[in-house]
Amino acid sequence: MSNKTPTLSVTIRTGRGKGAARRARNEGLVPAVVYGHGTDPQHLLLPKLELNTILRNNGLNAVIDLDIEGTSQLVLARQVDVHPLRDYVEHIDFLVIRRGEKVVVDIPVLVEGTPMGGTLTVQEANSVEVEAEAMHIPESIIVDVENAEAGTLITAGDLDIPAGVTLVTNAEYAIVAVNEAQKADVADDGDAEEAGAEGEGEGNEAAAE
């Protein structure tokens with residue numbers, strides 16, 4: 001994540017409804033709304049390519065300095081709606097923020113490392129909720145399962161939370177489990193092979209007759 005707050009020049013959206021939103025998207029613009037801190041909601045249009053670059057470089061919890069037709073407004077991406085099939089941003093909600101204030105956000109959990117042989121890593125949760133200073137939201141939290149043994153359970157309370165960030169998710173909430181891998185049923189395979197051998201023997205006898 002970049003340490004510099006990205007800026008984005010946007011325009012005020014006048015047209016409303018699905019038809020206007022569809023036309024905006026066809027023109028390479030993304031409909032958005034800005035709210036919070038007692039301000040009236042503002043409906044905006046954002047340039048798609050520049051917005052995608054910011055989200056790619058800063059994550060879905062991106063803090064952006066919006067230039068709303070000459071007026072600067074610091075915002076946090078609160079909800080990003082992505083088309084389920086075409087994978088493009090359909091709409092985005094922004095929360096007005098102030099430098100120094102804390103916000104509650106969901107942070108992605110990423111699993112790294114290779115556990116002991118004969119085990120299977122199961123990620124029970126893809127994110128955790130934390131409280132962090134708006135300008136210093138971690139992009140992700142890493143869980144290391146390198147050489148972890150079967151039966152290992154990592155909870156939210158076990159996560160390495162960065163300094164200045166407070167865990168909101170229940171500390172006992174399961175995040176990652178390392179389980180013993182399921183073994184093939186050797187007995188059933190043996191029975192099947194034996195049955196196959198018997199069938200082949202019967203077929204040979206019938207051919208001899």
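The lining of the largest pocket in this predicted model comprises 9 nonpolar, 5 polar and 4 charged residues. The space inside this pocket comes to about 310 Å³. Of its 18 lining residues, L60, N61, A77, R78 and D106 lie nearest the centre. Three strands, β5, β7 and β9, each give two or more residues to the lining, and the largest share, 5 residues, is that of β7.

It helps to set this pocket against the overall fold. The protein has 3 helices and 13 strands, and 35% of its 209 residues count as buried. Among contacts with a separation of 6 or more, 64% join residues that are 24 or more positions apart.

The interior can be followed through its nonpolar cores. The largest of these has 26 residues, and I97, V143 and I175 are the ones with the most contacts inside it. Two or more residues of this core come from each of β5 (71-82), β7 (102-112), β9 (127-133), β10 (141-144) and β13 (174-180). Strand β7 again deserves a mention, as the largest share of the core, 4 residues, comes from it. A separate core of 21 residues lies apart from this one, with V34, L44, L46 and I64 among its members.

Two residues of the C-terminal part of the chain illustrate the surroundings of β13. Beyond its neighbours within four places in sequence, I175 is in contact with V109, V122, Q123, E124, A125, V128, V143, I154, T155, A156 and L159. A177 is likewise a residue of strand β13. With a relative accessible area of 7%, A177 is buried, because this value falls under the 20% limit. When residues up to four places away are not counted, A177 touches L120, T121, V122, E124, T152 and L153. The C-alpha atoms of A177 and V122 are 5.2 Å apart, although 55 residues separate the two in sequence.

Attention now turns to helix α2, which spans residues 48-58 and has L51, I54, L55 and N58 as buried residues. These four residues cover an arc of only 95° around the axis, and so they lie on the same side of α2. The spacing fits a general rule: an α-helix has 3.6 residues a turn, so residues three or four places apart point the same way. On the other side of α2, L49 and R56 are exposed. The cover over the buried residues of the helix includes β1 (7-12), β2 (29-36), β3 (39-47), β4 (63-68), β5 and β6 (89-96). Just after α2 comes G59, which has a positive phi, near 85°.

Within this helix, L51 offers a closer view of the buried side. L51 belongs to α2 and counts as buried because its relative accessibility is 0%. Setting aside neighbours within four places in sequence, the contacts of L51 are with L8, V30, L46, I64, V89 and I92. Of these partners, L46 and I64 are also members of the core of 21 residues. L51 and I64 stand 13 residues apart along the chain, with 9.6 Å between their C-alpha atoms.

Definitions and conventions
Residues are numbered from 1 along each chain as its sequence is written. This is a predicted model: local features need pLDDT of at least 70, side-chain atom pairs count only at pLDDT 80 or more; totals for chains, interfaces and linings use all residues. Side-chain values use heavy atoms; hydrogens and water are left out. A nonpolar core is a set of buried Ala, Val, Leu, Ile, Met, Phe, Trp, Tyr and Cys residues joined through side-chain atoms within 4.5 Å. Buried means under 20% relative accessible area, exposed over 50%, partly exposed in between (1.4 Å probe, protein chains only). Contact means heavy atoms within 4.5 Å. On a 1 Å grid over the protein atoms alone, a cavity is a set of points where a 1.4 Å probe fits but cannot get out, and a pocket is an open set with protein on both sides within 12 Å along at least five of seven lines; lining residues have an atom within 4 Å of a point. Grid points are joined across faces, edges and corners, and a volume is the space filled by probe spheres set on the points. Ala, Val, Leu, Ile, Met, Phe, Trp, Tyr, Cys and Pro count as nonpolar, Asp, Glu, Lys and Arg as charged, and the others, Gly among them, as polar. The arc is that of the directions from the helix axis to the C-beta atoms.
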